[in-house]
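Student: Could we look at a structure together and work through a few questions about it?

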Amino acid sequence: MQDFLFTGWGAFWMVLFMLVPFALVFYYVIQRKSVVGAGPGAAARHDLSRVEGLWLGLVFIVFIGVNLASMKYMPTIATARAMASGQPLQQVDLSAKSWSYEISKREIVAGQPVRFSGRSTDTMHGFGVYHPDGRLLFTMMLMPGLKEPTSLVHTFRDPGKYKVRCLEYCGVAHHAMKDELVVVASNS
Ligand SMILES: [Cu+2]
């Protein structure tokens with residue numbers, strides 16, 4: 001019985017069978033809509049009240065304000081500021097492969113900026129660092145095949161054990177791709 005669908009004009013009739021009712025309903029809806037409501041037109045603009053205008057202004061100001069105020073916390077901006085400050089950096093080189101990390105230094109001194117320079121040797125990996133209280137501090141996306149390592153500067157404030165997790169899905173053992181950094185208090 002269904003054979004005719006797959007031979008000759010069967011597919012054509014099948015498409016018509018689907019499309020014609022759809023087209024009819026579409027046409028009906030468009031017709032109805034054009035009769036029932038004209039939609040927002042030039043006349044509706046006069047109804048935009050003072051309150052609506054103020055609300056729009058407030059949203060705009062809050063949007064710009066929040067963006068400006070939070071900009072310095074963006075990892076890229078924080079990195080540029082740390083580099084410009086001329087402070088000595090602790091350098092940590094890391095290499096990611098499925099599904100582990102090689103990290104040149106796992107012990108870090110608090111209060112002194114750390115530059116993480118990361119590479120991936122096989123596929124896309126992430127390097128996400130969590131504060132001991134569970135907050136995600138930053139994550140780096142490590143793409144394979146780049147000439148320069150991906151770098152980010154972060155200054156750790158609190159001594160403790162910081163979990164590292166891959167935050168880019170990278171295969172069956174992605175969930176097991178983790179490591180740990182230890183931040184120690186500075187002696188000075
Ligand atoms: Cu992963």
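Here are some questions about a metal site and a pocket.

Tutor: Keep in mind that this is a predicted model, where local features need pLDDT of at least 70, side-chain atom pairs count only at pLDDT 80 or more, and totals for chains, interfaces and linings use all residues. Residues are numbered from 1 along each chain as its sequence is written, and side-chain values use heavy atoms, with hydrogens and water left out.

Student: Which residues coordinate the copper ion?

Tutor: Donors are N, O and S atoms within 2.8 Å of the metal (3.2 Å for Na, K and Ca), and water is not among the atoms, so sites may look incomplete. Here the donor atoms SG, O, SG and ND1 lie at 1.9 to 2.4 Å, and they belong to Cys166, Glu168, Cys170 and His174.

Student: Is Cys170 buried or exposed?

Tutor: Buried means under 20% relative accessible area, exposed over 50%, and partly exposed in between (1.4 Å probe, protein chains only). Cys170 has 10% relative accessibility, so this residue counts as buried.

Student: And His174, buried or exposed?

Tutor: Use the cut-offs we just met. His174 has 17% relative accessibility and therefore counts as buried.

Student: What spacing do the donors of the copper ion follow along the chain?

Tutor: Read the donors in chain order, with x for the residues in between. The pattern is C-x1-E-x1-C-x3-H.

Student: Which element gives the most to the lining of the largest pocket?

Tutor: Helices (H or I, at least four residues) and strands (E, at least two) are DSSP runs, numbered from the N terminus. With five residues, the top contributor is H3.
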